[in-house]
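Dear colleague,

I am handing over the structure we spoke about, and below it you will find my notes on the ligand and its surroundings. Please read them with the coordinates open beside you.

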Amino acid sequence: MLRTIDHFIGGSTFASGERQGDVFDPNQGQVQANVRFGTAADLQKAVDSAKAAQPAWAATNPQRRARIMFRFRELVEKNMDDLARLLSSEHGKVLADARGDVLRGLEVIEYACGIPQALKGEYTQGAGPGIDVYSMRQPLGIGAGITPFNFPAMIPMWMFGMAIGCGNAFILKPSERDPSVPNRLAELMKEAGLPDGILNVIHGDKEMVDAILDHPDIAAVSFVGSSDIAQYIYSRGTSHGKRVQAMGGAKNHGIVMPDADLDQVVNDLAGAAFGSAGERCMALPVVVPVGDETADRLREKLIPAIQALRIGVSTDPEAHYGPVVSKAHKERIEHYIQMGIDEGGELVVDGRGFKLQGHEEGFFIGPTFFDHVKPSFESYRDEIFGPVLQMVRAKDFDEAVRLPSQHQYGNGVAIFTRNGHAAREFTARVNVGMVGVNVPIPVPVSYHSFGGWKRSGFGDIGQYGQEGMRFWTKNKVVTQRWPDGFVDAGDKGAFHIPTFG
Ligand code: NAD
């Protein structure tokens with residue numbers, strides 16, 4: 001009998017939804033659980049519960065709200081091993097990486113522990129005669145988050161940590177492919193003292209997403225996932241007057257200058273291109289050496305490093321990466337490898353056909369490396385989201401800046417160099433949202449904000465940090481005058497716009 005994963009509404013599990021989805025064990029290639037797909041009626045139950053609880057939560061002073069975040073942080077740390085195991089059993093990422101997934105989310109919870117400071121408004125005394133002006137950040141009411149499979153702990157925490165810290169109630173619709181960890185996080189929030197109804201988890205697919213986008217009582221939607229869906233979420237959500245931020249796919253480039261430390265670059269690239277089987281929106285699936293001489297030297301060092309990578313089950317402590325998330329995704333990656341060959345790329349290391357002994361049905365795919373990939377290739381323009389590294393040779397620095405700048409995605413980019421001037425030029429000119437200098441995966445720390453450009457991000461406010469706080473609140477500005485008790489006979493009211501200058 002398979003386990004069934006229910007919704008979590010109003011502080012308890014809630015079993016509803018006739019349709020169900022399969023949750024796989026990617027190591028074995030077998031279904032290990034079923035997740036319920038909720039309906040609009042189930043969403044209504046979550047909204048009712050959120051609506052009932054939110055006013056009191058918003059009225060709870062921010063320091064008390066922060067205390068719950070502190071307790072949650074402790075509970076997540078205490079449960080780290082269990083969370084990492086659960087996460088890796090549904091996603092397939094290796095345990096150390098699963099812990100990283102939880103830890104990067106926890107960093108945003110730590111930021112939310114400081115929410116009283118982040119929410120402080122601004123104040124001007126004496127903006128006019130006897131007039132003071134101040135601003136305050138107020139919660140929106142009910143927010144929703146729709147999250148992808150590849151970070152089932154981190155991305156929900158990015159969203160609910162900030163939304164709830166700011167005084168909102170939150171409804172999370174996690175990926176249906178690895179839905180268990182989000183439920184567990186909601187249980188831990190309850191254990192930390194969060195009032196029932198402030199964090200609800202509702203499972204489902206497009207039907208549930210559409211119900212969220214159309215619901216009149218949901219004020220804001222935060223989405224992370226692939227770009228076509230992100231664009232759809234952005235247009236449908238905003239057409240209903242919601243505030244929407246929708247982060248999309250990526251194709252991040254790593255520029256390698258002739259003076260770079262190539263041994264370091266090879267180490268960085270191995271982790272950034274193949275870690276988590278390439279299923280990261282901040283992975284580096286494209287390497288751009290500047291000049292053929294750099295490309296040849298890099299290629300020589302890269303090939304043995306790629307061939308030495310160890311692929312194993314997600315619980316294997318020696319494995320560099322585990323299986324990809326599903327059979328369909330594995331087939332999609334293999335399709336792109338074939339496309340890369342047909343388009344004229346040189347397949348230097350072929351990961352297709354990889355079988356792990358004893359796990360022949362698992363969704364494994366070996367590391368793959370292409371050289372001589374051209375910007376015109378569809379396999380270059382599209383996101384593959386697998387353990388596939390493509391080398392695009394640039395003739396000079398200008399071309400190396402142009403490639404990521406002209407790509408449809410603009411999430412992350414990195415430059416490897418010892419030349420400060422080149423790095424400075426590159427960071428200023430490149431048309432991409434997050435830049436690393438000798439840092440392969442430049443995911444900003446929690447007190448900065450995360451956000452890609454072009455088709456990697458729809459809407460203009462980033463995730464977490466001060467931008468996250470702005471996304472989950474609205475600004476109110478008060479202009480006040482307190483007369484000193486006597487009426488000035490000359491003050492007869494004005495019919496022109498007040499000016500205080
Ligand atoms: P996805 O777009 O398939 O799914 C994301 C969410 O959207 C899920 O909750 C899913 O249920 C829902 N969804 C799927 N199809 C839908 C539809 N037709 N209508 C409405 N909702 C739908 O993404 P995924 O495969 O889970 O995740 C991988 C993608 O996410 C990659 O493209 C990756 O680059 C991207 N990603 C981006 C970031 C970022 O911050 N930019 C971070 C992580 C992942």
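**The ligand and its surroundings**

An oxygen atom of the ligand is 3.0 Å from a polar backbone atom of Phe 149, and please bear in mind throughout that this is a predicted model. Another backbone contact involves Thr 147, of which a backbone N or O atom lies 2.8 Å from an oxygen atom of the ligand. With Ser 226 the contact is made by the side chain, a polar atom of which lies 2.6 Å from an oxygen atom of the ligand. On its own the ligand has 850 Å² of accessible area, and the protein covers 88% of this.

As to where the ligand is found, it sits in the largest pocket, and the elements that give two or more residues to the shell around it are α8 (206-214) and β11 (220-224). The ligand is surrounded by 27 residues, the closest being Lys 173, Glu 176, Arg 177, Ser 226 and Glu 383. By character, the residues of this shell divide into 14 nonpolar, eight polar and five charged.

At the level of domains, the shell receives residues both from domain 1 (3-248 + 456-478) and from domain 2 (253-437), and the ligand therefore lies between the two.

With best wishes

Technical notes:
Residues numbered from 1 in each chain as written. Predicted model: local features only at pLDDT ≥ 70, side-chain atom pairs only at ≥ 80, totals over all residues. Heavy atoms only, no water. Near = heavy atom within 4 Å. Polar contact = N/O pair within 3.5 Å; in protein donor to acceptor, adjacent residues only side chain to side chain. Areas by Shrake-Rupley, 256 points an atom, 1.4 Å probe, with all protein chains shown as cover. 1 Å grid on protein atoms, 1.4 Å probe; cavity = no way out; pocket = protein on both sides within 12 Å on 5 of 7 lines; lining within 4 Å. Sits in = over half its atoms within 2 Å of the grid points. Helix = DSSP H or I, 4+ residues; strand = E, 2+ residues; numbered from the N terminus. Nonpolar A, V, L, I, M, F, W, Y, C, P; charged D, E, K, R; others polar. Domains from an automatic or database assignment.
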